[in-house]
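Colleague: I am new to reading protein models, and I would love a close look at one part of this one. Could you take me through a single sheet and what surrounds it, step by step?

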Amino acid sequence: MKRLCYILLFLPLCFSCYYTLPESEDDGSYPDIFPDYIEVTVPATIAPLNFGLSKPCEEAYAVISARKKVLILKARKGQFKIPASDWKELVAEAIITVTDPAIKVFVCVRTDKWVGYHPFNIYVAPDPIDPYIAYRLIEPGYELWNRMGIYQRNLENYSESAIMENKLTDKNCMNCHSFCMQNPDKMLFHMRAANAGTLLIDGDKIEKLNTKTAETMSALVYPSWHPSGRYVAFSVNQTHQSFHQNDRNRVEVFDDASDVVVYDTEKHEIITTSLIFSPNAFETFPTFSPDGQTLYFCSAEAKPMPESFRDVRYSLCSISFDPSARRFGVEVDTLHSASHGKSASFPRVSPDGRHLLYTLAGYGNFSIWHKDADLYMLDLETGVSQSLDILNSDDVESYHSWSSNSRWIVFSSRRIDGLYTRPFIAHIDAEGKVSKPFLLPQKDTEFYHRFMKSYNIPEFITGKVKDRRRELSLKVKNDPGINVTFSQTK
């Protein structure tokens with residue numbers, strides 16, 4: 001009966017399709033489309049989810065409906081492009097229908113005959129999403145690259161703009177962009193090699209920091225802001241890269257040594273404690289809790305590298321932090337033990353403090369090239385951790401971040417081709433139920449098959465970052481930078 005309903009809607013544009021559709025019962029098969037938007041959950045403000053047919057055909061139509069709104073599209077070169085105004089009407093109608101908040105899609109395809117596929121839903125969640133994500137675009141070329149930059153994408157449409165590009169700074173490396181509580185006006189990123197330094201932006205103020213000290217093994221690396229904005233936790237790492245001749249993981253990135261520190265933005269001083277700054281352990285990937293009272297990080301027993309790279313497994317740990325006294329706790333707690341056989345990386349706590357999202361892989365800490373890397377979530381109230389199977393694939397799932405309201409995550413995955421990381425977004429409700437993720441929509445459905453750059457470190461932000469590229473480039477080139485100092489507590 002459902003099939004009949006959609007056929008009748010189809011009648012005005014394609015009588016032949018209506019007339020020759022099989023009279024058999026629905027066999028339950030969905031159309032083969034890219035991106036896969038079948039049964040996904042999206043926010044109301046997302047750009048239209050254009051999709052294309054994965055297999056060639058003579059002719060195709062899509063009937064897209066929600067309550068009183070019905071849209072009939074004919075495929076152009078195998079693509080269905082939904083006009084923005086029609087998409088907004090469809091979303092608005094879906095939201096009104098509380099009992100069934102979904103956009104329904106029926107696809108009809110003709111090769112040697114007309115075939116009508118099983119209709120699928122695009123669910124519209126009531127929870128809002130931050131309007132932008134920021135990311136670095138870089139070729140996955142391991143060592144050689146020419147152009148890279150940090151960019152921002154408006155989720156409500158397809159517009160992308162640059163935050164900073166290395167063509168303005170002598171084509172050096174830039175990485176590890178980070179925002180304080182998703183605030184586009186309070187961020188930092190690193191410059192490496194030529195014009196090296198950390199750029200810290202706070203409203204109209206820009207500082208260039210020289211973060212290597214005599215006591216630390218490197219300049220500051222992986223960041224996480226304290227919610228107050230006064231502190232930023234960092235790792236310091238001696239990182240190396242090697243390549244496999246015959247291994248499903250293309251690249252191995254590992255640390256010879258690493259520690260965790262906290263930078264005080266007011267005093268321009270690094271502080272730490274021997275519990276997270278020790279030669280006996282590899283500590284890395286720090287992240288603050290949303291109340292600022294706990295510092296999470298990953299830690300592994302120090303081993304000789306690279307010969308022991310497969311034996312290094314990181315536990316997920318935490319230590320208390322008193323921001324008013326600039327004091328760390330006296331013991332380290334373990335939330336996930338590496339003794340279970342999996343190695344943890346990239347911990348991130350939801351802004352509501354309920355859940356901690358992290359990555360588990362067979363070994364190591366830099367899991368962005370490990371095909372067994374999957375996303376897990378720890379319920380901080382119950383202490384129960386679970387694999388997020390609905391998000392994971394047979395390839396790499398790695399870096400991830402939360403929206404400001406804790407209802408959405410964006411994460412990197414190589415599931416499309418095994419080479420490039422692409423951004424996927426998923427809804428998570430207040431109880432931790434996760435919905436099927438969707439690929440960041442593009443106007444051209446073939447975009448990801450042609451675009452030869454990886455999306456690196458996707459981060460939600462609550463607004464657009466002001467264009468200050470010229471000011472930043474002059475700061476990088478002309479400012480000698482502020483030398484930070486070091487202090488270790490007992």
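**A sheet and its two cysteines**

Modeller: Happy to! Let's start with a cysteine: at 7% relative accessibility, Cys-176 counts as buried. Please keep in mind that this is a predicted model.

Cys-173 is buried too, with a relative accessible area of 15%. You may wonder how many disulfides there are: a search of the whole structure finds zero. For Cys-173, the nearest cysteine sulfur belongs to Cys-176, and it lies 8.5 Å away. Seen from the other end, the sulfur nearest to that of Cys-176 is the one of Cys-173, again at 8.5 Å. A disulfide needs the two sulfur atoms within 2.5 Å, so this pair does not count as one.

Now for the sheet. Strand E13 covers residues 173–179, and it belongs to an open sheet of five strands. Their order is E13-E14-E15-E16-E35, and the pairing is mixed. Which strands form the edges? They are E13 and E35, the latter spanning 482–483, and each of them pairs on one side only.

Let's move inward from E13. Strand E14 takes in residues 186–192, and strand E15 takes in residues 197–202. These two pair in the antiparallel sense, over six bridges. To find one of the partners yourself, look for His-190: its bridge partner in E15 is Thr-198.

Finally, add a helix to the picture. Helix H5, made of residues 469–478, lies across E14, E15 and strand E16 (205–210). Compare its direction with that of E16, and you will find an angle of about 30°.

Methods
Residues numbered from 1 in each chain as written. Predicted model: local features only at pLDDT ≥ 70, side-chain atom pairs only at ≥ 80, totals over all residues. Heavy atoms only, no water. Buried < 20%, exposed > 50% of the residue type's maximum accessible area, 1.4 Å probe, protein only. Pairing = 2+ DSSP bridges. Helix = DSSP H or I, 4+ residues; strand = E, 2+ residues; numbered from the N terminus. Contact = heavy atoms within 4.5 Å. Axes fitted to C-alpha atoms, helices over the stretch in contact; angles between N-to-C directions.
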